Structure formats: C-alpha cells, structure tokens
Amino acid sequence: MSRPLIISDCDEVLLYMVSPFRDWLAETQGVEFRMEGNDFGSALRWQDSGEVLPQEEIWRKLGGFFDTEMHRQTAIPGAIEGLNALADHADVVVLTNLVDKRQEMRREQLADHGLEARVFTNQGPKGPALQAILDEYRPSKAIFIDDLAQHHRSARETLDDITTLHLCGEPMIAPHIDCAHKSGHADARIDTWDHALPWLMERLEKEPA
C-alpha cells in the first residue's frame with residue numbers, strides 16, 4: 001500500500017530567503033531591496049544611484065547568495081516541526097528551484113535545521129518535476145506546497161489529481177504576490193504553519209472520494 005506524499009518548496013515555505021538576501025545585499029553589495037507591488041525584477045536598486053539592477057546582475061546576486069550565504073537563512077516558525085509531524089503520516093520531499101549543483105547544499109542546510117528529507121532541484125515551472133516525482137513514488141495521494149502562484153498553475157496544467165496549498169511565510173512579500181487560490185490553481189492559501197498544519201493533516205486523513 002503506497003503512502004501519501006507531501007512535496008514542499010523550501011524558500012519562503014520552510015526557510016526565509018528574501019529577508020536574509022535583503023540584509024546581505026545592503027551590508028555587502030551596495031544594493032537596496034525594496035519590494036513594491038509584486039515585481040521582484042524592479043526591487044533591487046544600487047544604493048548610490050537608485051538605478052534598478054539589470055536582470056543578469058540580479059541573477060548574479062542570487063547565485064552569490066546561494067553560493068556563500070545560505071547559513072543566513074532561518075526556519076519559518078512551525079515549518080520544520082510541521083513537516084516532521086506530517087512525515088509520521090506521509091512521505092515528505094522538497095522540490096526547490098535551485099540549480100542541480102546546489103542540491104546537496106540544500107539537503108544539508110535542511111538537515112541542519114532538523115529536517116531530513118530528499119531534495120529535488122528544478123529550474124523553471126514545477127509541473128514536469130512534480131510529474132516525475134509522482135511517477136517514481138506513485139503515492140496514494142499527493143499534496144504540493146509552494147509560495148509562488150506560477151508553480152501552482154504549472155502543477156494544475158500538468159497533473160490530473162494533486163492537492164495544492166499556497167503558503168508564503170515571508171510577511172515582507174506575502175501581501176504582494178499573486179494568489180494561486182484566487183486564480184483557482186490552489187485548494188487553499190494559508191501563510192502560517194500554525195494554520196497550515198491542521199489543514200494538511202485533515203487532507204491526509206480524508207478518504208478518497
């Protein structure tokens with residue numbers, strides 16, 4: 001008998017990313033991060049000139065952060081405890097949009113925070129990666145947790161049957177991002193683990209229709 005499967009994103013679901021990234025940019029890179037609306041691409045500006053960083057420079061800064069600064073990331077309240085509680089009832093894996101060379105770094109990072117879980121890396125929309133994971137695990141049911149609406153849309157476009165929870169634990173960006181629940185691509189939008197865990201447990205215990 002196959003077990004249920006929880007597939008969770010990492011950044012802003014399990015660990016804070018934008019806030020330590022902002023602090024690192026300000027302290028060492030001469031860059032101000034100020035989120036206005038939901039446009040990440042215009043949030044990074046040079047402190048001296050106020051000019052928006054070009055896209056390729058933003059990607060370079062993100063790469064530099066993940067190469068050397070992942071130790072700055074702290075756990076979102078209740079996230080690690082929540083996934084460990086869910087692991088008593090389901091298999092738990094992490095699907096993170098990092099380049100493949102950082103897969104082991106992410107696994108070790110999560111282990112240091114108290115979560116022992118298999119980590120899958122991905123670039124781009126997550127639907128195809130989710131399909132590959134489900135093909136391998138063949139779970140009795142699957143639940144996907146992510147902070148970005150486009151990944152919920154990709155999941156819905158790729159998979160026939162998956163429960164999805166839109167969760168963004170970073171208050172600095174949660175009010176500004178598109179809501180996958182409002183667009184019809186997520187079954188719920190819950191931004192705190194105190195409220196998300198009971199919802200997830202209920203979905204695990206619910207008998208198939």
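Start by selecting strands S1 (residues 5–8) and S4 (residues 91–96): these two run parallel and are joined by 4 bridges. Keep in mind as you click around that this is a predicted model.

Now pick out Leu5 in S1 and look across to S4. Which residue is the bridge partner of Leu5 there? You should land on Asp91.

Next, add strand S6 (residues 142–146) to your selection. S6 also pairs with S1 in the parallel sense, again over 4 bridges. Go back to Leu5 and look towards S6: standing opposite is Ala142. So far, then, you have Leu5 with Asp91 in S4 and with Ala142 in S6.

Stay on S1 and show its side chains. In a regular strand, side chains alternate between the two faces of the sheet. Here, Leu5 and Ile7 are on one side, with Ile6 and Ser8 on the other. Are these four buried or exposed? Every one of them is buried, which leaves both faces of S1 covered.

Time to leave the strands and visit the largest pocket. Its volume is about 1,100 Å³. To find the middle, select Phe40, Trp59, Leu62, Leu148 and Gln150, the closest to the centre among the 38 lining residues.

Now colour helix H2 (55–68) and helix H6 (149–158); each gives at least two residues to the lining of this pocket. H2 makes the largest contribution, with 6 residues.

For a last stop, colour the lining of the largest pocket by class. What mix do you get? Look for 15 nonpolar, 13 polar and 10 charged residues.

Conventions. Residues numbered from 1 in each chain as written. Predicted model: local features only at pLDDT ≥ 70, side-chain atom pairs only at ≥ 80, totals over all residues. Heavy atoms only, no water. Buried < 20%, exposed > 50% of the residue type's maximum accessible area, 1.4 Å probe, protein only. Pairing = 2+ DSSP bridges. 1 Å grid on protein atoms, 1.4 Å probe; cavity = no way out; pocket = protein on both sides within 12 Å on 5 of 7 lines; lining within 4 Å. Points joined across faces, edges and corners; volume = space filled by probe spheres on them. Nonpolar A, V, L, I, M, F, W, Y, C, P; charged D, E, K, R; others polar.
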